Every structure is written in C-alpha cells, then in structure tokens.
Amino acid sequence: MKKFTILCVAAALLFPAHAGAQVFNHLSAGIGFGTDALNIQIAAPLGSHVDVIAGYGIGLGVINFTVKDFTLPDPASSSNVNTPLKLGMGMNDGRLLFNIYPGKSGFHFTVGAYMGSSRFISGKITNMPAAYNTAGIDVDGYLVKAKNGELAVDLCANGIGSHAFAVKPYVGIGFGRAVPQKAVSFSVDLGAQYQGKPGVWAKGEGLTGRIAEVQITEKDLKEISKVDEFGKYMTFWPTLTFHLYVKLF
Amino acid sequence: MKKILFVATLVALLPLLFSCEKAGNNDNVFKNPTFIHCAGQFIMLDGSPTLSSAASVKAVPQAAVPVYTYVEFTESGIYVVGSLEGSETQYKSGNYTADGNVYTLNGFGTVEVNVTATPAKLTITPTGGASQTMTATYKKAGSTNVAYRGWTIDKTRATVYGFHTPITADFVGCNFNDMAKFLNDNGHKGIYLPSGSLKSVSITGADSIIFSYSDNTADVAEYTLNGSNLTFSWRTPSRLLEVENGKATIDYLDGKCILKIEAALKGSTTSGSVTFVLSPME
C-alpha cells in the first residue's frame, strides 16, 4: 500500500515536470454519484493533458437489494428458517485519480485508486430466530450475535491494501473535463475497481469486551457460502459515475 | 498558490502512508498473591489418624469421624479440605488466614501444620469436632508462574457443538442455571447442571486446579502445564458440566487470564468449550 501511495505521489511530482507552467493553476470542485457512491471531488490540472482528482465518497444505501432465500439454522428447532439478507451500497472511501486527456476533447483515460474503508456493501440479516439475540457464533474469539433479530454485516474487499485500509486500483475511460475550460463541465466515467474477492464481516465482542470487525467464513457459519458465491463475481467493481464540476479559479 | 496547493496535496496524502490496527494487550504482569508463602498441598498418608481423645479410630463410629484425605492452601488465601464420603473424596472450600503454623479456615475450623517433620504432620480441628493428627506428603507450592493464584470469574463464554452449527453465548460470572438454560434452549434438552455458581478458579503451584462453588464445595483436578497448554484430570468426578478429563489453554489478554477448556460432556456426543475470563485475586 505504501509503495502504491509513493507511486501516486511520485506521479503527481513527475507530471508537472513535463507539463510546463500549467500545474495547479486552476481548481474545480465537483459533486457526483454512481456505483462508487455519492461523492465530492476537487480537481486541478497537472499540465495540459492530465488532471489530478481527489475526493471522498459515501454510500448511503440508496441502491439496495434483498437476498430473499438466505436461511439460517434455528438452534431451538434444529431446522433452517428464512432470514432475508438486505444489502445496500456502503462505500466510505477517498479516491485519488488521474484523468489523462490524449487530445483536446474531453475524452480521457483514468487511472488511480480508491482508498479507505474496505466495505463496499453494507447489509443486515433480518428475521433471525430469537436465540441469536442471546447466543451467536464465535469468530476467532469474537462473539457475533444479533440485536433485536437483526445482524449487521458488511461485504468488504481489500484490493491491494488491508481490511483496515483498502486500496482499490481503478482504470477507466470517460468523457468530460474534471477542470472545466469554462465555468462548468459534466463528466461521465466508466471503469472498474480491482477489489479482490470480498468477504463477509461483522462486529463481534471479544472476551474482554473489545469490539472488533471479524470476517465470517464458511467454517464459522456454513450458510455464509451463499454470500461468498455471490461475492466472487465482485472481484472487479464496475464503476459508472456522473459528475458536475464547477471551476473555482 | 501553486506551492500552497502542492503542499496541501502532500499533507492530504500523508495519512495514506500510515495505518494502524488495535491489538489486544497480552501483558501478564500481576501483583504477587498475598498468601504465596503459605501455599502448599497435603495428601494424607495411609494409616489411622490420632484423635485428640487418644481413642482409636476404630473405637469411634465411622460416621462421626471424618476421614481427611487432602488439604491444600492456595496462594490467594483459599483452602480446600477433602474428606471421604463413601468411597469418594468430597471437597470443602473457603478462605483462610494464617498465623505461623496455624491456619484458620473460614467455615471449617483450624489446621496446624508441621512441614519440617518427615513426613509432614497436620492437626485438623473442625469447629465443634475432635482434633485429628495425621501424617501427609507435603508439596510446597512454587511461585514461578503468574497463573499460580486464585482467579474470580468475570465472564464465561460457552460454545456447544450441536446439530448444525456451533452456538456461543456469554454469561456474567458463571451461573449454572443460566448455562443450563442456554444448553436447553439450543437443542440440548435434558442436560442437568447443579444449582449455584462457580465462584473462583485457583491454579496452584502444587499442580492443582481448584474450582470453588458458591455453596463452598469444590472440585479439584491435577494438571500439567506446558507453555500455555494445560492437561488436567479430576481427582474425583467433577460436577462442573460433567466434563470429562480434557485439555485447556491459559492465555492473558487485557489484564485478564483466559482459561479455555475444551471437553466432551459425559455420556453425550455433545462436545464444546467453556472459556473463563478471570480476574486475579490478591
């Protein structure tokens, strides 16, 4: 992760060397939405062919769906009961991106990375049997249990970083300038984040009361394999975004 | 302006160079227990004890004269006295104080020891009863391991491997009624546990683990400790979950001792683990 960050900083330093005087001479701010969450960004030119973009996005669960046939065993009856799994977008990350404009049009390639929380989908298992309010599953010494019949879970992926600080490299193409040539510009981008195979995480209570996020695997709960099956299609997160930028100076 | 933006960008990137994760504190430094100098174990030698009345044991009705088999004083001021009931030793437990060679056992009486004699000698005087003097093997408790002390039960985490998936629950302290309800509510109906609760666990330098209950009885096991792995066997059948002889581990986390016992329940295909979060006694 450190190497990647240093590479980004080095890129930010090297581009201006080839770019003459047009470095950080403008600044724009933008808002956007897409499959990388609602976000705000600022952008500045690194020469006439490169813009650097920094921003922050947060998923508010506006796009959600439910896995209706998710089931869990009811310890009291030793049979499985239906416990719908509700999922929604849950990103909470920063991003450092470079738009590279090969020509004078707004067409661009984008490289960079999303960094921060490894969570990209937040969810909850609902309608859980009452036994799960008092008892739960032990995951690496942490007790994960429901509250009022619901258990909050996250789908997390580290990319090339760690669970605590994910780094998800991004490549894509787009149209529109992040630093408007006039007052405002509109940009649309399509690409993919490499985030690796995601896992299911939840908060658990350690023996001494310490709360930590732990990964629930099939060895802890057989039924989690259904979510893993679903998650293996998310190694690359498709990213379609729309932005409106305003030139500040 | 350029410089300001450039510096601002670098400053914004700095946090990306660092990340940290919170880890548990594995310190296991505890104050020495108060009664470390008194700790030791006596196992009575075969042969008739001498009654203070000078009457022979055979002359006294068997039921009226307890046959003591075992006495241990722990590093944290807990005593255990074992006496035969039928063919098995039953253990009584409580707190003690020491004045020289005389130990006053709360709820029991007094024990005077002479550990310089070979074999060691004890004079046991239960409250309201006759004194008995007997010989015993004596093992002085070592003091080289931080585990050797009494520990109170903060929390019990029980996991039962049942029909489909392991189920785990936390309990404040270790109340057997709560544990039995948990087992019965989670597909293991009919499992009986005695009433009351576990008050403390003592791991002694004389190689004993003493489980002291709220009714002042106790279970005693012998153990060997290899690193954090502890292997134990009950001196008499335990009432603690009817657990068969098993394996345990001792670790330290956040100023607590974590004693995890994995074992099978007697007469059942059910296995599980019980993890005690223990606070040190002085």
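The questions below ask how some descriptions of this predicted model are reached.

Q: Why is N127(A) called partly exposed?
A: N127(A) has 13 other C-beta atoms within 10 Å, and a residue is exposed if that count is 12 or fewer and buried if it is 20 or more, so N127(A) falls in between and counts as partly exposed. This residue lies in the loop between β10 (119-125) and α2 (131-134) of chain A, and it has a positive phi of about 60° although it is not a glycine.

Q: What makes N216(B) count as partly exposed?
A: For N216(B) there are 16 C-beta neighbours inside 10 Å, and because partly exposed is the class between 12 or fewer and 20 or more, N216(B) belongs to that class. Its place is in the loop between β13 (208-213) and β14 (217-226) of chain B, where N216(B) has a positive phi of about 65° without being a glycine.

Q: How do you know that L259(B) touches V201(B)?
A: Two residues are in contact if their C-beta atoms lie within 7 Å, and the residues that L259(B) touches, not counting those up to four places away in sequence, are V201(B), A248(B), I250(B), F276(B) and L278(B).

Q: Which residues touch the most other members of the largest nonpolar core?
A: They are L122(B), V201(B) and L259(B), in a core of 119 residues. This core draws at least three residues from each of domain 1 (40-50 + 63-140) and domain 2 (149-280) of chain B. In soluble globular proteins, nonpolar side chains tend to be buried together.

Technical notes
Residues numbered from 1 in each chain as written. Chains lettered and ligands numbered in written order. Predicted model: local features only at pLDDT ≥ 70, side-chain atom pairs only at ≥ 80, totals over all residues. Core = buried A, V, L, I, M, F, W, Y, C linked by C-beta atoms within 7 Å. Domains from an automatic or database assignment. Helix = DSSP H or I, 4+ residues; strand = E, 2+ residues; numbered from the N terminus.
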